[in-house]
Amino acid sequence: MSHLQNLLLDTLLGTKHVDSAALIKLQEQNLCIASPGFSVMPSDVRRLVNGFAKNPLQARREGLYFKEKDYKCVRADEYSLYAKNENTGVIVVKTHLYLLVATYTEGMYPSVCVEAAEKLGDYLRKKGS
């Protein structure tokens, strides 16, 4: 297993409040690493990348369509995009090289998912990733 995959598994899934996670290479717009059983379709990758290319207000108004679900955007800025659909949600954190995607499901604490994803995003940014 690669160092990045270990980071995903240990720092995100290890919290028990992240259901699945992935790293997407921004430049190539492709999936780099994903937690076991989590697949992100190329169309979803493009939507996530485009979510950061838009004005944050526009992303907030339009929401996010991810993995065949419509999500209401609750935060959108230059580094983070948080979206929810009832009791599930997706957290996307932008670094220099990657988009870090973390999802949570019913019974998980969204705040723990957000904190774990943001901390890993900060770590990757400090490392220049």
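In this predicted model, the hairpin formed by strand 5 and strand 6 has two residues between the strands, and Glu-86 adopts a positive phi there, near 55°. Strand 5 and strand 6 run antiparallel and are joined by six bridges; within strand 6, Val-90 stands opposite Ala-83. A further hairpin links strand 6 to strand 7, this time with three residues between them. Here too the pairing is antiparallel, over six bridges, and Lys-94 faces Leu-99 of strand 7. Strand 6, which takes part in both hairpins, is mostly covered, with six of its seven residues buried.

Helix 4 comes next. Its 17 residues (110-126) should span 24 Å at 1.5 Å a residue, and the end C-alpha atoms are indeed 24 Å apart, so expectation and model agree. The buried residues of the helix are Cys-113, Val-114, Ala-116, Ala-117, Glu-118, Leu-120, Gly-121, Leu-124 and Arg-125. Strand 5, strand 6 and strand 7 are among the elements covering these buried residues, as are helix 1 (3-12) and strand 1 (20-25). After helix 4 comes Gly-128, which has a positive phi near 85°.

What of the cysteines? The structure holds zero disulfides. The sulfur of Cys-32 lies 19 Å from the closest cysteine sulfur, that of Cys-113, and this is too far for a bond. Cys-113 is likewise in no disulfide, as its nearest cysteine sulfur, in Cys-73, is 14 Å away. The surroundings of Cys-32 and Cys-113 can also be described: Cys-32 counts as partly exposed because its relative accessibility is 30%, whereas Cys-113, at 0%, counts as buried.

Definitions and conventions
Residues are numbered from 1 along each chain as its sequence is written. This is a predicted model: local features need pLDDT of at least 70, side-chain atom pairs count only at pLDDT 80 or more; totals for chains, interfaces and linings use all residues. Side-chain values use heavy atoms; hydrogens and water are left out. Helices (H or I, at least four residues) and strands (E, at least two) are DSSP runs, numbered from the N terminus. The expected span of a helix is 1.5 Å times one less than its number of residues. Buried means under 20% relative accessible area, exposed over 50%, partly exposed in between (1.4 Å probe, protein chains only). Contact means heavy atoms within 4.5 Å. A disulfide is a pair of cysteine sulfur atoms within 2.5 Å. Two strands pair if DSSP finds at least two bridges between them.
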